[in-house]
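Please open the model in your viewer and keep the sequence panel beside it, since each stop on this tour begins with a selection.

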Amino acid sequence: MYGFINACLKSLVVEKYGEETWEKLRLQAGVQDTFLTFEVYKDEITVQLIDKACKILGVPADVVLRQFGEYFFQFCKRSGYDHMLRTLGGNLYEFIENLDALHSYLSLSYQEMNAPSFRVEKNEDGSMHLHYYSDRRGLCHIVPGIIGAAALDFFNINISMEIVNQTEEEEERTGKKEHIVFLVTQNPVFSFKERKKLASLPQYLADTEKQIENQLNKEDLEKANAIRDRGSPVCPVKKSHWKTIRGIITLGKGKLLSGFDPVYPKSLWIDPKTFCNGLPFHMVFDKELRVKQAGVSVQKIVPGLQTMGICLDQYFSIIHPEVPFTITSIQKFINSQFVFQTRREMMPESWKQRPMLQLRGQMIWMEPLQCMLYLCSPLLRTLHELEERQMHIADIAPHDVTRDLILLNQQRLAEIELSNQLERKKEELRILSKHLEEEKKKTEALLYAMLPQHVANQLKEGKQVEAGEFKECTILFSDVVTFTNICAQCEPIQIVLMLNSMYLLFDRLTTVHDVYKVETIGDAYMVVGGVPVPVSSHAERVANFALGMIIAAKGVKNPVSGNPIQIRVGIHTGPVLAGVVGEKMPRYCLFGDTVNIASRMESHGVPSKIHLSSSAYQCLKYKNFEMTERGEIEVKGKGKMHTYFLVRNKTATENEIMGRPVKESDSGHESSQSFEEGRIETIPSSHQPVMQAQPEKDQPSAIAMKYTDGPTDAQNSLQGRNQAKIADLTGKTYDSKSYGSLHGNQHSDDDPCPLNRERVKPATEEPQIGGVRSNFCSLL
């Protein structure tokens, strides 16, 4: 079938049931999304679409096909075939009778079209028998939809169609796989006003007749009758005034019903020679198919016809309609257009290498002569076909519209080819646009992984991103214990694999707890809660994230010893200023003393422990977390500070913290995470130590942990910049050597950045080899 049919089916599904239903239907049927109008597709595609539509919609096939038939009629009207359909006939019978002629015309544009055929018979009770022939089985229920929609739209008639016979296909017709006979009954549709008029019409006619008869005097009536009696059958007769009025007032319509009686001459005023020259493509044959007469052009092409009495079926075969070549079959389909094709074996030698000639025309049965007249013309669509048969325009009679049709269709084919090219380009652009949209989504996903979404959108629009003050947030720093020693004893690729496998687990946890990853440099990992979207549960989120980090780190092996690596974690809560730094490779950085203190908490921490400042402790004090007091310690650059260790979450299970599916055995039990010295919980097999990063598609999807609050308006924080406080922070809280954004370029003892400062060596850490760490970071 042509793509026009499948495009109509897609339009129906999208319009009636939505784009999602079409996408589901298309995927199940395994077909493409777009169909080109003049492209030929396999019939199996249409059948598969209809079959899947029945299953998805839960509707029987006959209902789907009937609905498709009704929609197909409207789709054809919208596609520019409205006037063509309206002019097929003045009533339903004529409309159906000329459908084959319409298909024959459309075959000029759709040259590979294999259209169904229709034959209609009138019954005495006003009903009709519609014979439907098709090469495609199972699609007959489309016909009631199409014919019913056309009858209602064009003729204001409701019809009912039922199948009465399916058994005559092999007897009358060859080559067609399905022959269905429908019984068609018609019921006119009248509006309320029309029904009211019809009810009062008999009385109106009676009153009018009485008035006119009273006005006409006797002399006028006698005169009118005398004129009528003297009338000749070959001369116009003047009707009485009353008959004229009755003709004007017709049932339901205001048209004049004028009768017509044709006049025939007593003898035919044309000689046989002129007739055969004037109609060069015509043939007359009797019941036995013996040729009695033929036009001069058809004699020229098929010289055997000059032998009168030769059987016509020796030189021609019937292409359309596909019926046996007998006078009975021809009479049964006498209202159809007949297409004859010359037989190659009976053609002259000069014709045997050319394409065979086809003739198309109508059959007229001449009862007095008991002969059939075939008035036809060459079936040629283009100048190329004319040249292939070595024929010329002059071979076709001047009155034959085939001459004009060939020239017009040549232009039409050029327009069709242009339309095909435009459709193909349109489809290519659609596919490119789809791919471009997919690539755009990938690019945006990568960009949003580097910058907050609202910041990235402002940068894309060329706007300057203003810094925003956040009155309270929680910052976390972590690093790997003895990382410098590990770097000194391993190949760089081993370090890369170790860090990548660890950071993949950490990145997954940022999704679980909805915290923002600021950045990573070397073994240093920094996240923040409450920035860039302020939330009241920022401390809880970061605390649970830290607990997950300790668990995840035990699943990564030290490439030197083969044991699980150890990390230090430090957390602090306080105000920060956030903004974008730089134009090339811009970064979203945090500024303020809160960053410095959080970094000090990490550097003064203990392996496999989560070190809390007093402000972080106060935020978590009543949040179902178990914490232990560390006491006062000397913090470089800050003096003595009272700090704490985070032990576990009293209510959340390990699966909830890690974003794994919660097991039934976990429900109702307290959390089992604990990080006291000498106490390490068993790590599930899915988190056994790994050295290589797992592909994202192989990792289980992260399940977000539920928190009681939601994001607040981040824009208020971004727009609430206080210039005085920024100046104060810039001048007093930190300087260019010691801002806590992990972007320091100078090395100072007071620099809190884990990669720029000298490492503070806790009592439990081994001595580090100076210079190795900075050299490896430069390599990365």
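The tour goes first to a sheet and then to a pocket.

This is a predicted model, in which local features need pLDDT of at least 70 and side-chain atom pairs count only at pLDDT 80 or more, while totals for chains, interfaces and linings use all residues. Residues are numbered from 1 along each chain as its sequence is written, and side-chain values use heavy atoms, with hydrogens and water left out.

**The sheet**

Select the open sheet of 6 strands, whose order is β6-β5-β10-β9-β8-β7 with antiparallel pairing; strands are DSSP runs of E with at least two residues, numbered from the N terminus, and two of them pair if DSSP finds at least two bridges between them. At the edges stand β6 (291–294) and β7 (316–320), each with a single partner strand, so one side of each has no neighbour in the sheet. Now colour β5 (residues 282–286), which pairs with β6 in the antiparallel sense over 3 bridges, and pick V284, whose bridge partner in β6 is Q293.

**The pocket**

Move next to the second largest pocket, which holds about 890 Å³ of space. Among its 34 lining residues, show I5, F72, H103, P116 and I146, the closest to its centre. (A pocket is an open set of points on a 1 Å grid over the protein atoms alone, where a 1.4 Å probe fits, with protein on both sides within 12 Å along at least five of seven lines; lining residues have an atom within 4 Å of a point. The volume is the space filled by probe spheres set on the points, which are joined across faces, edges and corners.) Finish by selecting α4, a helix (a DSSP run of H or I with at least four residues) that gives the most to this lining, with 7 residues.
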